[in-house]
Amino acid sequence: MEAPIQALQGLGVNFVHSFSFDIDKFARATIQANCQQKGELYEDLTKRDNRDKYTDVYVARFPCQPFSMGGKQQGFKDNKGRGKILFHVKDYIVKNQPKLFMLENVRAPSASGMVSISVPY
């Protein structure tokens, strides 16, 4: 969990951890245990105002179940709403225009053409 933070810490890179999200309480506990820097930890990315926190580097992952070959492949029409989380990630990127952003997920979204994001800035 929070592999980018762990990688930066392991490399000795000087950075400030601003915030993280995870809806799972056990994942949040792991993030708090593993991160030397304690940025804000939000429970639900979909309920936070994307204009209140700028960061130079934005790394995001979104649920793989709607897009994974092993899942139901419901994509954006996922019956649990997980497919739409990507749009909240895009909203943050558009509103805050970080210097660098990286999105992580399973191979299926881009390989199948199910996900294509245009960020106009």
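**Exercise 1.** In which helix do Asp91 and Lys95 both lie, and how many residues apart are they?

*Solution.* Before we start, a word on the model: this is a prediction, where local features need pLDDT of at least 70 and side-chain atom pairs count only at pLDDT 80 or more, while totals for chains, interfaces and linings use all residues. Residues are numbered from 1 along each chain as its sequence is written, and side-chain values use heavy atoms, with hydrogens and water left out.

- Step 1: find the helix. Asp91 and Lys95 both sit in helix 3, 4 residues apart, or about one turn of the helix. Helices here are DSSP runs of H or I with at least four residues, strands are runs of E with at least two, and both are numbered from the N terminus.
- Step 2: look at the side chains. Asp91 and Lys95 meet in a salt bridge at 3.2 Å, N to O. That term asks for a side-chain nitrogen of Lys or Arg within 4 Å of a carboxyl oxygen of Asp or Glu.
- Step 3: check exposure. Asp91 has a relative accessible area of 26%, so it counts as partly exposed, and Lys95 is partly exposed too, at 43%. The classes are buried (under 20% relative accessible area), exposed (over 50%) and partly exposed (in between), using a 1.4 Å probe and protein chains only.

**Exercise 2.** Sketch the overall layout of the protein.

*Solution.*

- Step 1: count the elements. You should get 4 helices and 4 strands.
- Step 2: put them in order. Along the sequence the pattern reads α-β-α-β-β-α-β-α.
- Step 3: add burial. Of the 121 residues, 35% are buried.

**Exercise 3.** Track down the other salt bridges and say how exposed their partners are.

*Solution.*

- Step 1: get the total. The whole structure holds 3 salt bridges, and one of them is the Asp91 and Lys95 pair from Exercise 1.
- Step 2: take Lys47 and Asp44. Their closest N and O atoms are 3.8 Å apart. Lys47 is exposed because its relative accessibility is 71%, whereas Asp44 is buried because its value is 19%.
- Step 3: take Lys99 and Asp56, which pair up at 3.9 Å, N to O. This bridge links distant parts of the chain: Lys99 is in the loop between helix 3 and strand 4, Asp56 is in the loop between strand 2 (40–42) and strand 3, and the two are 43 residues apart. With 69% relative accessibility, Lys99 is exposed; Asp56, at 36%, is partly exposed.

**Exercise 4.** Arg28 is buried; work out what its side chain has around it.

*Solution.*

- Step 1: place it. Arg28 belongs to helix 2, residues 25–34.
- Step 2: look for a charged partner. Arg28 has no salt bridge, and the nearest side chain of opposite charge is Glu43, 4.0 Å away. For charge, Lys and Arg count as positive and Asp and Glu as negative, with His and the chain ends not counted.
- Step 3: try the backbone. A polar atom of the Arg28 side chain lies 3.0 Å from the backbone oxygen of Ile23.

**Exercise 5.** Which residues lie nearest the centre of the largest pocket, and what lines it?

*Solution.*

- Step 1: pin down the term. On a 1 Å grid over the protein atoms alone, a pocket is an open set of points where a 1.4 Å probe fits, with protein on both sides within 12 Å along at least five of seven lines; lining residues have an atom within 4 Å of a point.
- Step 2: size it. The largest pocket has about 1100 Å³ of space, the volume being the space filled by probe spheres set on the points, which are joined across faces, edges and corners.
- Step 3: list the lining. There are 37 lining residues, and Glu2, Phe21, Val59, Ala60 and Arg61 lie nearest the centre. Helix 1 (3–11), strand 1 (19–21) and strand 3 (57–61) each give two or more residues, with strand 3 giving the largest share, 5 residues.
- Step 4: sort by class. The lining has 20 nonpolar, 7 polar and 10 charged residues. Nonpolar covers Ala, Val, Leu, Ile, Met, Phe, Trp, Tyr, Cys and Pro; charged covers Asp, Glu, Lys and Arg; the others, Gly among them, are polar.

**Exercise 6.** Locate Gln97 and describe its backbone.

*Solution.*

- Step 1: Gln97 is in the loop between helix 3 (85–96) and strand 4 (100–104).
- Step 2: its phi is near 45°, a positive value in a residue other than glycine.
- Step 3: Gln97 is partly exposed because its relative accessibility is 41%.

Definitions and conventions: Polar contact = N/O pair within 3.5 Å; in protein donor to acceptor, adjacent residues only side chain to side chain.
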